[in-house]
Amino acid sequence: MIDTGDTAWVLISAALVFLMTPGLGFFYGGMVRSKNVLTTIMQSFFIVAMISVEWLILGYTMTFGADVGGFIGSLEKFGLANVGMNVLENGTIPELAFVAFQCMFAVITPALITGAFAERMKFRAFTLFILLWAIFIYNPMAHWVWGGGFLAQLGALDFAGGLVIHILSGVSGLTLCILLGKRRGYGKTAMLPHNLPMTVLGAALLWFGWFGFNAGSALGANALAANAFIASQGAAAAATVSWVLLEWVRSGKPTVLGAASGCIAGLVAITPAAGFVEPMPAIFIGFVGGAVCYGAVAVLKEKMGYDDSLDAFGVHGLGGTWGSIATGLFATTSVNPAGADGLFYGDSHLLMAQVISTIVAYVLAIAGSFVLYKIVNTITPMRADDAEETAGLDIVEHGEHGYTGETFSASPMLSSFLGDAAESSSLSSTMLETPGK
């Protein structure tokens with residue numbers, strides 16, 4: 001039977017997770033240069049709309065339809081057919097509430113990828129790639145782990161998305177940023193965040209929404225939700241401390257950007273484990289997660305030379321990897337009888353399942369993103385050219401400026417985007433000639 005308290009909590013959690021994607025837009029938007037702030041925010045905002053439509057029509061049935069051979073869900077729930085007002089199987093909430101909650105997960109996952117290729121992908125190619133990625137990479141992986149697929153049958157645990165969301169998006173982001181190439185001037189020109197207060201606002205919205213992300217995954221207002229809530233808070237706080245301390249020791253300055261990045265790193269790390277571990281191990285997972293992600297951002301990226309613009313791989317890919325492995329170490333059935341005991345609680349099977357599932361997620365993300373990149377790039381160029389990138393994607397792709405104080409002169413470079421008809425267009429003339437627009 002439907003429990004109204006559980007239903008209310010899941011719907012509220014869905015709303016919290018929804019807020020995370022626009023919050024991610026602010027988090028990423030503040031870190032790019034001002035000429036790309038609207039493009040960055042638009043990517044997150046448009047994903048909310050596009051992937052919601054895809055999820056309701058196709059994504060839900062691919063993920064949670066009846067299992068077909070351990071690899072994909074059947075089409076029995078295509079367009080939400082056979083869902084109606086049903087109660088979720090083995091649950092206490094309407095299935096539609098579960099559809100809504102999972103929709104928000106499907107939305108934010110591809111949005112995380114955008115941090116890796118920020119400031120250099122054309123919007124047309126972006127929309128096509130993200131749509132195909134959601135259908136052919138996210139939906140199958142979500143089924144394998146959450147929908148009764150072969151990784152679930154193997155015994156893998158992922159409470160709220162370390163495998164499905166963070167590893168998949170972070171590794172896909174790394175693959176894309178390598179394929180696209182570095183931003184023009186990367187390593188030679190300073191590419192500093194243009195609005196750190198915006199980034200901190202985005203981080204705060206993400207931290208706030210993450211309680212719905214993790215605690216909502218209990219699918220009820222119960223003790224498991226409370227455990228996930230506390231585990232999330234402890235891990236986020238510990239990671240913030242470890243990131244700032246390491247940064248302080250290494251560079252002599254504790255930065256605001258470091259604190260904002262640290263809290264996200266801790267939340268990523270605890271996501272797969274939040275409903276399986278006790279609070280003290282959660283703090284440890286977060287503390288190590290902050291250190292791992294800081295090392296990836298401050299050291300690994302520089303040594304490897306890839307241009308992961310906003311550290312999607314460093315935070316989400318590697319943070320999710322650590323969290324998935326840590327689940328195999330610290331999970332205990334005393335927290336969640338539906339889970340399993342990890343290595344430190346006397347059983348090595350779960351750790352092996354986590355390692356195998358992590359490898360599967362890496363392979364799918366790398367191979368799938370490579371194939372989709374080749375397909376989309378054949379249809380339409382994915383990378384902005386040098387002149388477009390120099391002018392900024394806000395004006396080139398969307399015809400807008402992020403801030404009214406910015407002005408652009410009618411230079412030959414900018415005219416090359418607007419074409420010969422630019423001077424006769426009132427909109428283009430306004431953008432080119434009117435100060436403050």
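**Helix packing and local features of the predicted model**

Helix α9 (residues 256–270) packs against α10 at an angle of about 125°, and the two axes lie 8 Å apart. An angle of about 125° is neither over 145 nor within 65 to 115 degrees, so α9 and α10 are oblique to each other. The crossing in which α9 passes α10 is right-handed. The model described here is predicted.

Helix α10 also contains G289. This glycine has a relative accessible area of 0% and is therefore buried. G289 and L56 are 233 residues apart along the chain, and their C-alpha atoms are separated by 34 Å.

A second helix pair is formed by α1 (residues 4–31) and α7 (residues 196–215), which pack at an angle of about 155° with a distance of 7 Å between their axes. Because angles over 145 degrees count as roughly antiparallel, α1 is roughly antiparallel to α7. The handedness of the crossing of α1 and α7 is left-handed. Sorted by class, the residues in the contact of α1 with α7 comprise 19 nonpolar and eight polar ones, with no charged residues.

The third pair consists of α3 and helix α6 (residues 162–180), with an interaxial angle of about 30° and axes 7 Å apart. Since this angle falls under 35 degrees, α3 is roughly parallel to α6. The crossing of α3 and α6 is right-handed.

The lengths of α3 and α6 were examined individually. Helix α3 covers residues 95–113, and its 19 residues, at 1.5 Å a residue, should span 27 Å. The end C-alpha atoms of α3 are 29 Å apart, in agreement with that expectation. For α6, which also has 19 residues, the expected span is 27 Å, and the computed separation of its end C-alpha atoms is 25 Å, which agrees. Both helices are mostly covered: 17 of the 19 residues of α3 are buried, and 17 of the 19 residues of α6 are buried. Just after α6, G181 adopts a positive phi of about 90°.

Positive phi values also occur at residues other than glycine. Most residues other than glycine have a negative phi. L80, which is not a glycine, nevertheless has a positive phi of about 65°. This leucine is placed in the loop between β2 (72–73) and α3. With a relative accessibility of 21%, L80 counts as partly exposed, because the limit for buried residues is under 20%. E119 likewise is not a glycine and has a positive phi, here of about 80°. The position of E119 is in the loop between α3 and α4 (123–146). The relative accessible area of E119 is 5%, so E119 is buried.

Contacts of S309 were considered next. S309 belongs to the loop between α10 (279–304) and α11 (312–330). At 10% relative accessibility, this serine counts as buried. Two partners are found for its side chain. One of them is the backbone oxygen of A118, which the side chain of S309 reaches at 3.2 Å. The other is the side chain of R120, joined to the side chain of S309 by a polar contact of 2.6 Å.

A polar contact between side chains is also found at N139, a residue of helix α4. The side chains of N139 and E54 are joined at 2.9 Å. N139 has a relative accessible area of 0% and is therefore buried.

Helix α2 (residues 37–64) contains T40. This threonine is buried, because its relative accessibility of 3% is under 20%. T40 and H166 are 126 residues apart along the chain, and a distance of 19 Å separates their C-alpha atoms.

Notes:
Residues are numbered from 1 along each chain as its sequence is written. This is a predicted model: local features need pLDDT of at least 70, side-chain atom pairs count only at pLDDT 80 or more; totals for chains, interfaces and linings use all residues. Side-chain values use heavy atoms; hydrogens and water are left out. Axes are lines fitted to C-alpha atoms, for helices over the stretch in contact, and angles run from 0 to 180 degrees between N-to-C directions. Helices (H or I, at least four residues) and strands (E, at least two) are DSSP runs, numbered from the N terminus. A crossing is left-handed if the near helix is turned anticlockwise from the far one by less than a right angle, and right-handed if clockwise. Ala, Val, Leu, Ile, Met, Phe, Trp, Tyr, Cys and Pro count as nonpolar, Asp, Glu, Lys and Arg as charged, and the others, Gly among them, as polar. The expected span of a helix is 1.5 Å times one less than its number of residues. Buried means under 20% relative accessible area, exposed over 50%, partly exposed in between (1.4 Å probe, protein chains only). A polar contact is a pair of N or O atoms within 3.5 Å; within protein, one must be able to donate a hydrogen and the other to accept it, and residues adjacent in sequence count only if both atoms are side-chain atoms.
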